[in-house]
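Work through the exercises below with the sequence and the model side by side. Each task is followed by a solution that goes step by step.

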Amino acid sequence: MEGDDLYRLRDRKFLLEDKKRLCTLALGAALLGILLMILHTEMCPYVYKPGTNIALIINCSISLSTGCLLIFIIAFHYKDIRLFIIDQNQVDWRIAMTSHRVFVITLELLACAIHPVGTYWEVGLHGNSSSAPPLCDSNHHNTALADLELLLSVLMFLRLYLVHRAVLLHSKVLLSASYRSIGSLNNINFTFRFVLKVLMNKYPARTLLVFILFFWLTASWMLTLCESAVLQLNRKLRSGSTLLIHLPSRQTAGSTDHMETALWLIAITFLTVGYGDVAPNTRCGKSVCLFTGVMGVACTAMLVAVVTKKLALNKGEKHVHFFMLDIQISKGIRHAAANVLRECWLLHRANLTKGTRGEHRRHQRCLLEAIRVFRHLRLKQRKLRDYVSEMVDLPKMQMIMCDLSANWNNSYRELEQRILSMEQKLEELSRCFQETSKLLSQVLRHRNQEIR
């Protein structure tokens, strides 16, 4: 049994390493496909020429990276199922294939299989034709195909869900044996949510900054893609004196199909400012801006929480601040009490000397003001002490209770030792009494014999 447990631990370690390696390869394949898609989209209106096969080669590379990504995902889930079998003591693999797992695997494969296929469609349509096929999304005269290419290009960013899996598998929290052992004792599941909480507690500003910059650049490029594809197609259709896509008549000075304008629009939308100088013209662009506004509100809330945590005083600073504040209030109370006594004496002296009514009212007014200040400071001191008493230092109280219990245990052990020593002394005394009684009996017997 011990040898089987050792083999299981060894296999589990190897499977975790394989899962981490496959997750890294899958993320690399997903990012490669996204970069190739961005390269194809950016090069399309400026670099490609009629009759060239560069677009077909890049789309074939995207398809090849997508195929590799699907293979890596299937291999990852295969390793995950094997790990489940080892953890559950060699159960049947069909038990691991629950409906939820099957649904997750199917959803991941569908999300990762999405990539633009318009170039293959255009090559098939123009395969028997002597003219060169349109190479770009904006060159498609078929609006349905252009919309499909745009949708597939945007949906390729769904592959970025692999980032959270890579962060989880490469985090020190999951790789540390001490973390796992203590977490298992406290029934803690090491999920991405737990790792994100750890990162937000350790590096809050860095984590938020990386996420905001990545989201800003990604959303800006998606907005540029949404706006440029439809705007260029509309220009071509207008040049052919046929208008199939309706755009608003209001055109701003800065068009959102340029990257710098998109960066500005995403920034003001993310910050929920919205100057109104730039606006999206397409449904896709409006959807991107709407999602950006929602994420901006969420990130602003997290940023406020992080800043509040950074500006808050720690326990030591609070104790020092409240101690000094209590000293200042106590000093003010003494001064206020002295002012009350002084005004009472001045009022009494004015009554004795029979001063004017104006002087008498002035001393009464000063006495009432001194009493009000004294009461206000006493109330302020009471509120401060109530607030300080509510700040219970639980770790300190726990340490005090542990010390008290340790002292009680030591006292109990000392008491037991004293009781044992007393019992031993009592036994010695009883033995001495018995010996003394024996000696006395012997002496008396000997005396009786002598008397006889």
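**Exercise 1. Describe the protein chain as a whole.**

Of the 452 residues of the protein chain, 31% count as buried, where buried means under 20% relative accessible area, exposed means over 50%, and partly exposed lies in between (1.4 Å probe, protein chains only). This is a predicted model, in which local features need pLDDT of at least 70 and side-chain atom pairs count only at pLDDT 80 or more, while totals for chains, interfaces and linings use all residues. Residues are numbered from 1 along each chain as its sequence is written, and side-chain values use heavy atoms, with hydrogens and water left out.

Next, take the secondary structure: the chain has 16 helices and zero strands, both being DSSP runs numbered from the N terminus (helices H or I, at least four residues; strands E, at least two). Then turn to contacts, meaning heavy atoms within 4.5 Å: among those with a separation of 6 or more, 75% join residues 24 or more positions apart.

**Exercise 2. Find the largest nonpolar core and say which helices supply it.**

Begin with the term: a nonpolar core is a set of buried Ala, Val, Leu, Ile, Met, Phe, Trp, Tyr and Cys residues joined through side-chain atoms within 4.5 Å. The largest one has 27 residues, of which F157, L223 and V288 touch the most other members. At least two residues each come from α1 (2-43), α2 (54-87), α6 (143-155), α11 (204-239), α12 (259-270) and α13 (283-311), and α11 gives the most, with seven residues. A second, separate core has 13 residues, including A29, I73, C112 and A166.

**Exercise 3. Decide how the two sides of helix α4 differ in burial.**

First, consider the helix itself: α4 (residues 99-113) has 15 residues and reaches 21 Å from its first C-alpha to its last, close to the 21 Å expected at 1.5 Å a residue, where the expected span is 1.5 Å times one less than the number of residues. Second, list its buried residues, which are R101, I105, E108, A111 and C112. They lie on the same side of α4 because they cover an arc of only 135° around the axis, the arc being that of the directions from the helix axis to the C-beta atoms. Third, look at the face turned away from this buried side, which carries the exposed residues S99, F103 and L110. Finally, follow the buried residues outward: they pack against α2, α3 (93-96) and α7 (162-169).

**Exercise 4. Is K79 buried or exposed, and which residues does K79 touch?**

Locate K79 in helix α2. K79 counts as buried because its relative accessible area is 17%. Leaving out residues up to four places away in sequence, K79 touches L15, D18, K19 and L22.
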